[in-house]
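Could you take me through this model in my viewer, one selection after another? I would like to know what to click on and what I will find there.

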Amino acid sequence: MSCAQDKSLPGHRSRVTVAVYAADPVLRVGVVHQLRQRPEVDLLDDADAERAQASLVVVDTVDDDVAALLDRLRINTATRTGLVVGTLGSGALQRVIECGVAAVLRRSDAHQDQLLQLVQAIANGEGVLPGDLLGKLLSHVSSLQRSAVDPRGLSLSTLTTREVDMLRLVSEGLDTAEIARKTSYSERTVKNVLHEIITRLQLRNRAHAVGYALRNGLI
């Protein structure tokens, strides 16, 4: 079935609008070339970048300039940010999550299908982290001193047992369908519970919620 036929079907998803940021033009060209071939993606130029559903920041490593860019993108609530990175240590991972990054993909894995899955997940409000990076995040956070109460007065009682269980499953890398099977709830319920946590704690996405809850001893 052709793409044109797919678009005519009821319930067809509109194209995901994407803006690509990269200080290195070579890195930018590589990602843009991959995404430009996909009919599911609408690549925006610099003038329209602020209205993108997904902003992809493509870098070798995370430094102060990259963190500053992520902070600027975070201000725009209309877009969610993904990071395509060469190398990322546990400390840098914690940093980018605190900057509001919704998803991370290694540049070595940034092939066309993976990039498409990344931007679609970002547009759907989902967080994506490679399993080993999530493990590094957990190890990093567990080494920090935990506090039962955070600066905004949130405590263990802030989360219900169901919310804690679902956040822990997210931290283990499970997606919505897998969490639904594990907990015997519907996927809609899982999405609603996680959305409630993110909204209540004033966070950006699932990955941010996991990092925040772990850092503050909520799970």
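Start by selecting leucine 69, which sits in helix H3, residues 64–75; helices here are DSSP runs of H or I with at least four residues, strands are runs of E with at least two, and both are numbered from the N terminus. Leucine 69 is buried, with a relative accessible area of 16%. Buried stands for under 20% relative accessible area, exposed for over 50%, and partly exposed for what lies in between, using a 1.4 Å probe and protein chains only. Now add its partners: leaving out residues up to four places away in sequence, leucine 69 touches Tyr21 and Val57, where contact means heavy atoms within 4.5 Å. Draw a distance from leucine 69 to valine 57, 12 residues apart along the chain, and their C-alpha atoms come out 8.6 Å apart.

A word on what you are viewing: this is a predicted model, in which local features need pLDDT of at least 70 and side-chain atom pairs count only at pLDDT 80 or more, while totals for chains, interfaces and linings use all residues. Residues are numbered from 1 along each chain as its sequence is written, and side-chain values use heavy atoms, with hydrogens and water left out.

Next, color by pLDDT, the predictor's confidence in each residue from 0 to 100. The protein chain averages 79, and 78% of the residues score at least 70. Select residues 1–12, where pLDDT stays under 50 and the model has seven contacts beyond four places in sequence. Then try residues 140–157: pLDDT is below 50 there too, and the stretch has 32 contacts in the model beyond near neighbours in sequence.

Zoom out to the whole chain. You should find 10 helices and five strands, and 44% of the 219 residues are buried.

Move on to leucine 93 in helix H4, residues 90–98. Is leucine 93 buried or exposed? Leucine 93 is buried, at a relative accessible area of 0%. Its C-alpha atom is 9.6 Å from that of glycine 211, although the two are 118 residues apart along the chain.

Now for the largest nonpolar core. A nonpolar core is a set of buried Ala, Val, Leu, Ile, Met, Phe, Trp, Tyr and Cys residues joined through side-chain atoms within 4.5 Å. This one has 21 residues, of which Met166, Leu167, Ile179, Val190, Leu194, Ile197 and Leu203 touch the most other members. At least two core residues come from each of helices H7 (161–171), H8 (176–183), H9 (187–200) and H10 (206–215). A second, separate core has 20 residues, including Val41, Val58, Val84 and Ile122.

Show H7 and H9 together. Their axes come within 10 Å and cross at roughly 95°; axes are lines fitted to C-alpha atoms, for helices over the stretch in contact, and angles run from 0 to 180 degrees between N-to-C directions. H7 and H9 are therefore roughly perpendicular, a label for 65 to 115 degrees; under 35 counts as roughly parallel, over 145 as roughly antiparallel, and the rest as oblique. On the H7 side, select Arg162, Glu163, Met166, Leu167 and Val170.

Finish with H8 and H9, whose axes are 8 Å apart and pack at about 105°. Thr176, Ala177, Ile179, Ala180 and Thr183 of H8 meet Glu187, Val190 and Lys191 of H9.
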